[in-house]
Amino acid sequence: MNLPPLVQSFVLHFGEMGSRWGINRTVGQIYALLYVSPSPLCADEIVDALNISRSNVSMSLRELQAWNLVLLKHRPDDRRDFFTTPDDVWHILRTLAEERKKREVDPTLSVLREILMQRPASEAERFAQERMSEMHGLIEQLTHWYEDVKQLETERLATLLSLGAKVTKLLEAKDRVVSLGRGRRPANKS
């Protein structure tokens, strides 16, 4: 690679992590390179920087575009396509979450719904459907939570994330207030 050591370390790591996230190593490396590049890069610049084939770069860029993770830029008097990433890491996080939901969560919910609408033919299928119903309920609940959270402004979302385990203390306080309210029932008038 023809990169400064700091950038090379980041790009290599992102490539390794990409394979763990279910994407091609090269896709991860290209994304990392575009993310840390001060200006948009064309395919030839990516080929030179990463020492990979032009066809591999083209396929990887198409995949990144399909995920909505890169932005296409043009320069005056240059017919080549240049690529960059959004500047806002929160935008990137939201895009990744939405794309993963579309590709992984939504199809799973669809399959579970179809299976749960079928009449079980045996005790084994009835048991399996009960288990799948629990999974469907959890995924639905997470999906509704996600829909609520994705509507939050970035500042609110950052605050929510920074609360971490403090949220459990808030929930415990709410439980105490609710239990106190239940303990104060009005006396029966006889």
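## A walk through the model

Start by selecting strand 1 and strand 3 (residues 78-84): 2 bridges join them, and the two strands run antiparallel. Zoom in on C42, whose bridge partner in strand 3 is F82.

Now bring in the rest of the sheet. This predicted model has 3 strands forming an open sheet in the order 1-3-2, with antiparallel pairing. Strand 1 and strand 2 (71-75) are the edge strands, each pairing on one side only. As general background, strands of a sheet pair through backbone hydrogen bonds, either parallel or antiparallel.

Next, colour the chain by pLDDT. The mean for the protein chain is 91, and 96% of its residues reach 70 or more. Which element has the lowest mean pLDDT, and which the highest? Select helix 8 (residues 166-183) for the lowest, at 82, and strand 1 (residues 41-42) for the highest, at 97. A word of care for any model: where pLDDT is low, the predicted coordinates should not be read in detail.

Then select residues 22-80. An unreviewed UniProt entry annotates this span as "domain: HTH marR-type". The span is 56% helix and 17% strand, and 29 Å separates the C-alpha atoms at its two ends.

For the last stop, go to helix 7 (residues 154-163) and pick out L163. Is L163 buried, exposed or partly exposed? L163 counts as partly exposed because its relative accessibility is 35%, which falls between the 20% and 50% cut-offs. Finally, draw a distance from L163 to V89: their C-alpha atoms are 19 Å apart, while the two residues sit 74 residues apart along the chain.

Methods
Residues numbered from 1 in each chain as written. Predicted model: local features only at pLDDT ≥ 70, side-chain atom pairs only at ≥ 80, totals over all residues. Heavy atoms only, no water. UniProt positions renumbered as here; feature names shortened; annotations may be inferred. Helix = DSSP H or I, 4+ residues; strand = E, 2+ residues; numbered from the N terminus. pLDDT = per-residue confidence, 0-100. Buried < 20%, exposed > 50% of the residue type's maximum accessible area, 1.4 Å probe, protein only. Pairing = 2+ DSSP bridges.
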